[in-house]
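User: Please take a close look at a single helix of this model and describe how its sides are used and what surrounds it.

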There are 2 protein chains.
Amino acid sequence: MSRKPRGTLIIIGGHEDKDPRGEREILKEVTRRANHGGKSLVIVAVASQYPREVIAEYHEVFEDLGVKRIVDLGVRSRDEAYQDEAVEKLRHASVVFFTGGDQLRISSQIGDSPTFRCLEELYHNGATIAGTSAGAAAMPDTMLIAGPRDSSNRISALGMAPGLGFLPGVVIDSHFAERGRFGRLLGAVAQNPKNIGLGIDEDTAIVVERGERFTVLGSGAIYVVDGTGIGYSSLSEKNPEGVLSIFGAKLHVLGHGDRFDLLTRRPEVAVDDGEEQSE
Amino acid sequence: MSRKPRGTLIIIGGHEDKDPRGEREILKEVTRRANHGGKSLVIVAVASQYPREVIAEYHEVFEDLGVKRIVDLGVRSRDEAYQDEAVEKLRHASVVFFTGGDQLRISSQIGDSPTFRCLEELYHNGATIAGTSAGAAAMPDTMLIAGPRDSSNRISALGMAPGLGFLPGVVIDSHFAERGRFGRLLGAVAQNPKNIGLGIDEDTAIVVERGERFTVLGSGAIYVVDGTGIGYSSLSEKNPEGVLSIFGAKLHVLGHGDRFDLLTRRPEVAVDDGEEQSE
């Protein structure tokens, strides 16, 4: 992934609004991109334990929202990710949508397969890759797979694994405020402050253009943990059971319409709130 | 409270270890101070709906830990806070311990009463005031009383009220990681960045000396939100339902033994971890 991608990522914190009476802002954005260019929306449910139910649910929502061509990638296991059928379906996608489930299923079943290489090609040529919940967590180089919930950030409890690599330099956590995941995101950033931590609330998404900059959609908040300023961190293999001490992290909370530049690490205020302003 | 206090505050995030087989580090610290000088430990259960049960529980723990004189302040309502009996009990206290419950009960029932003035006097003359959960939240000038749990920080959902004023310039939230309260503490700091936000985990405490500096005790973490660097905040009465955007807050996570200087707003590493280091 050394070339600069021309595509878009829509990274969703889970439980995006699907109610016909609701705004459905995030899935409308996915729909708008799917119908662009007359190509198809391909749904990937490899993360899910109940792929048929999940596919049926999204099929119904996207049909209701007016997506013209909806395709189930049909990959449930690694051997299927090697079949020409899957690659052929992907070739005609304007949007690929990863459902929730278990992010390790995504990386272990499609990582380095012909399906994955086709996904990379699509993204580099301008397609949109969307993912919710586990599908969101799988986007970076390194994905968070486990960590303490509802307890402070123990160093030993953090699990990380190699992700899909569509958005290098970040670590993503979904269901963020809802599942009290602040400690684990902070711990992940402390492991290597080169990574920006992105906590994404439910029914909230970031739309990342060309891997450089994102805009916030949906009803919740995005928490950005920037470890650049961390002056002290107690992280050490000698101290696996200890509480992590971290001094001097920087934190931004972004709401609807706010933007963030991943290269300069600077937030920008939503334009419709008045004049533009940066930190 | 213009004079500089000579006393100590022990501010506990709730659910401190009370198990005879456990460490009970925090309550041992309370005990150590209670036995100093041969005075008494006075328990204040005005916050609780079940004061008798709560008093009985703490009486048992403190007796087991070796506190020599344990007294129930006996104040359950505002009229009792005006009685000489309560003030007389307090006069002989080396430690006053506020239990959990409802922090508005603490401020509304004893605020500005003779009992409260005696408490202030004690603290200024060197006594220890301890509080857990609601008893912790009530310590500052302004106390957090309500806010969203498990959802992002909505401006309208933050409730604040005037607290006891023993620790001006901070806002305290207890049960911090356990109840996913990051958003509401951040919102409270954004309301006025002059206040430092302190999120205290369960079974974790800060021991504040002379109102200037604290040390961390217990098994969890202390989250310090310093709003000094906030360059943009969307907080406005015009936007009560919006998600709060905050750019540029500073965050420290402190573990056992770490210290924090409230005047310079600088953390210091636990001494036993090696040489001292500041941010």
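Analyst: In this predicted model, the buried residues of helix α4 of chain A pack against four elements of that chain: the strands β2 (40-44) and β4 (93-98), and the helices α3 (78-81) and α6 (114-124). The residues concerned are Ala86(A), Val87(A) and Leu90(A), within a helix that spans residues 84-91. Viewed down the axis of α4(A), these buried residues fall within an arc of 95°, so they line one face of the helix. The face turned away from that buried side carries Asp84(A) and Glu85(A), which are exposed.

The helix with the corresponding label in chain B may be examined through its packing with one partner. Helix α4 (residues 84-91) of chain B packs with helix α6 (residues 114-124) of chain B at an angle of about 10°, their axes being 9 Å apart. Angles under 35 degrees count as roughly parallel, and α4(B) and α6(B) are therefore roughly parallel to each other. On the side of α4(B), the contact is made by Ala86(B), Val87(B), Leu90(B) and Arg91(B). Helix α6(B) contributes Pro114(B), Thr115(B), Cys118(B), Leu119(B) and Leu122(B). By class, the residues of this contact divide into seven nonpolar, one polar and one charged.

Conventions. Residues numbered from 1 in each chain as written. Chains lettered and ligands numbered in written order. Predicted model: local features only at pLDDT ≥ 70, side-chain atom pairs only at ≥ 80, totals over all residues. Heavy atoms only, no water. Buried < 20%, exposed > 50% of the residue type's maximum accessible area, 1.4 Å probe, protein only. Helix = DSSP H or I, 4+ residues; strand = E, 2+ residues; numbered from the N terminus. Arc of directions from axis to C-beta. Contact = heavy atoms within 4.5 Å. Axes fitted to C-alpha atoms, helices over the stretch in contact; angles between N-to-C directions. Parallel < 35°, antiparallel > 145°, perpendicular 65-115°, else oblique. Nonpolar A, V, L, I, M, F, W, Y, C, P; charged D, E, K, R; others polar.
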